[in-house]
Amino acid sequence: MMTENQSVSLLVNGMAQNIIAADDRGLLYGDGLFETIAFCTSQAPLWELHMQRLRTSCERLFLPMPEPELLAHECLRLVAGLTRAVVRITLTRGSGGQAYIPPENPKLNRILMRRTYPTISDGVSMIRSGIELDGSDVLSGIKHLNRLEQVLIGRECRQLNAGEALVCDRQGYVVEGLSS
């Protein structure tokens, strides 16, 4: 539990804490999604686009969409007084259900975490990852919590001393930069 005099960098369901239930479906099954949003002097220039993708992703995964005003308020709590920061909004379906069968009326967990804004001074060393993404149509375009491929690509970057990876699908088409 965080004390009030500490700078708030993490909110769980609006509370300055770092506790989530061990039976949360996001931990057990990767049942959730996220958005990572850049803030400059408490402004998120791409806020509407992030909220649009979050809303679409929630609909596709049958998750209730939190009120964007609530998310904005919580983000501003995290970035208050900072010139630049990044906030990751993670939504999980919460606890409940029967193994892979989700609860009918999920109680969403909202985790907001502030991160430092990335800085690049002399460019970035980049590799083309040897790991190709599956490109499943069901999850395509959703920033879901099943990120094991990206974790393995991150390990590959560390081993090759690279700051970024160009990631392709099995057909050789560029899908993403690992962290860009």
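## Helix H4 and its two sides

In helix H4, the buried residues are Gln-150, Ile-153, Glu-156 and Cys-157. Viewed down the axis of H4, these buried residues fall within an arc of 110 degrees, so they line one face of the helix. That pattern fits a simple rule: an α-helix has 3.6 residues a turn, so residues three or four places apart point the same way. A word on the source before going further: this is a predicted model.

On the other side of H4, the exposed residues are Leu-148, Val-151, Arg-158 and Gln-159. The cover over the buried residues of H4 includes strand E5 (126-128), strand E6 (164-168) and E7. The length of H4 makes sense too: its 12 residues should span 16 Å at 1.5 Å a residue, and its end C-alpha atoms are 17 Å apart, which agrees. H4 is followed by Asn-161, which has a positive phi, near 55 degrees.

## Helix H3, read the same way

Helix H3 covers residues 68-79, and its 12 residues should span 16 Å at 1.5 Å a residue; the end C-alpha atoms are 16 Å apart, which agrees. Its buried residues are Pro-68, Leu-71, Glu-74, Cys-75, Leu-78 and Val-79. Looking down the axis of H3, you will find these buried residues within an arc of 130 degrees, so they line one face of the helix.

Which elements help to cover the buried residues of H3? They include E1, E2, H2, E3 and E4. Just after H3 comes Gly-81, with a positive phi of about 80 degrees.

## The largest pocket

Now to the open spaces. The largest pocket holds about 1700 Å³ of space. Its lining is made of 47 residues, and the closest to the pocket centre are Lys-143, Arg-147, Gly-177, Leu-178 and Ser-179. By class, the lining of this pocket has 21 nonpolar, 15 polar and 11 charged residues.

Five elements may catch your eye here: strand E2 (32-40), helix H2 (47-61), strand E3 (84-92), helix H4 (148-159) and strand E7 (174-177) each give at least two residues to the lining of the largest pocket. Which of the elements supplies the largest share of that lining? H4 does, with seven residues.

## The second largest pocket

The second largest pocket has a volume of about 240 Å³. Its lining consists of Leu-10, Ile-20, Asp-24, Gly-26, Leu-27, Arg-88, Thr-90, Thr-92, Ile-111, Met-113, Arg-115 and Leu-145. Helix H1 (25-29), E3 and strand E4 (109-115) are the elements that give two or more residues to this lining.

Sorted by class, the residues lining the second largest pocket are six nonpolar, three polar and three charged.

## Two buried residues: Phe-39 and His-50

Phe-39 is part of strand E2. Is Phe-39 buried or exposed? At 4% relative accessibility, Phe-39 counts as buried, because the cut-off for buried is under 20% relative accessible area. Leaving aside residues up to four places away in sequence, Phe-39 touches Ala-44, Trp-47, Cys-75, Val-79, Thr-83, Arg-84, Ala-85, Val-87 and Tyr-117. Among these contacts of Phe-39 are Cys-75 and Val-79, which are also buried residues of H3. Phe-39 and Val-151 are 112 residues apart in sequence, and their C-alpha atoms are 25 Å apart in space.

His-50 sits in helix H2. His-50 has a relative accessible area of 11%, which makes it buried. Not counting residues up to four places away in sequence, His-50 touches Glu-35, Thr-36 and Ile-37.

## Positive phi in two loops

Two loop residues deserve a look for their backbone. Asn-13 lies in the loop between strand E1 (10-12) and H1. Although Asn-13 is not a glycine, it has a positive phi of about 55 degrees. With a relative accessible area of 29%, Asn-13 is partly exposed.

Ala-99 is found in the loop between E3 and E4. Ala-99 is not a glycine either, yet its phi is positive, at about 55 degrees. The relative accessible area of Ala-99 is 42%, so this residue is partly exposed.

Note on methods:
Residues numbered from 1 in each chain as written. Predicted model: local features only at pLDDT ≥ 70, side-chain atom pairs only at ≥ 80, totals over all residues. Heavy atoms only, no water. 1 Å grid on protein atoms, 1.4 Å probe; cavity = no way out; pocket = protein on both sides within 12 Å on 5 of 7 lines; lining within 4 Å. Points joined across faces, edges and corners; volume = space filled by probe spheres on them. Helix = DSSP H or I, 4+ residues; strand = E, 2+ residues; numbered from the N terminus. Nonpolar A, V, L, I, M, F, W, Y, C, P; charged D, E, K, R; others polar. Expected span 1.5 Å × (residues − 1). Buried < 20%, exposed > 50% of the residue type's maximum accessible area, 1.4 Å probe, protein only. Arc of directions from axis to C-beta. Contact = heavy atoms within 4.5 Å.
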